[in-house]
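The following exercises concern confidence, secondary structure, exposure and pockets. Please work through each task before reading its solution.

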Amino acid sequence: MATIPSVSSSSFITHQHSLCRELRRNPNFLHLKKPSKFNVRAAKLPAGVEKPRVEPKLIEPFLGFTNTAEIWNSRACMMGIIGIFVVELISHKGILQMIGVEVGKGLNLPL
């Protein structure tokens, strides 16, 4: 039978009181702040490595939409479309016909 570790109630209450005290002093205590930038500096640059003259200004991507990602997505899309055209030319059927969808007969809706 497994035992569940217990937390002493006195340490929990003490921690809770200190949080309440800090919130009374500073109401913005729990608000999330933007992460601060930090630089990593090596003690000495390796041989043959020069320090860049200008620090590059990088723009933070919006939800992963970067120029490079969008260029590769569009290239993959173009290759896929060309692949579909090649398959349709070889089989003399459309992609929808190959997967079993009947085409060319309209929607057959009662009006």
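**Exercise 1.** What is the mean pLDDT of the chain, and what percentage of its residues reach 70 or more?

*Solution.* This is a predicted model, in which local features need pLDDT of at least 70 and side-chain atom pairs count only at pLDDT 80 or more, while totals for chains, interfaces and linings use all residues. Residues are numbered from 1 along each chain as its sequence is written, and side-chain values use heavy atoms, with hydrogens and water left out. pLDDT is the predictor's confidence in each residue, from 0 to 100. Its mean for the chain is 76, and 65% of the residues reach 70 or more.

**Exercise 2.** State how many helices and strands the chain has, and test the span of H2.

*Solution.* Helices (H or I, at least four residues) and strands (E, at least two) are DSSP runs, numbered from the N terminus. The chain has three helices and zero strands. Among these elements, H1 (residues 9–25) has the lowest mean pLDDT, 60, and H2 the highest, 94. The expected span of a helix is 1.5 Å times one less than its number of residues. For the 25 residues of H2 this gives 36 Å, and the end C-alpha atoms are 36 Å apart, which agrees.

**Exercise 3.** Locate His92 and decide: is His92 buried or exposed?

*Solution.* His92 lies in the loop between helix H2 (67–91) and helix H3 (95–98). Its phi is near 55 degrees, a positive value in a residue other than glycine. Buried means under 20% relative accessible area, exposed over 50%, and partly exposed in between (1.4 Å probe, protein chains only). His92 counts as exposed because its relative accessibility is 70%. Across the 111 residues of the chain, buried residues make up 0%.

**Exercise 4.** Describe the accessible surface of the chain.

*Solution.* Accessible areas come from the Shrake-Rupley method with a 1.4 Å probe; for residues, only the protein chains shown count as cover. The chain exposes about 12,000 Å², of which carbon and sulfur atoms supply 64%.
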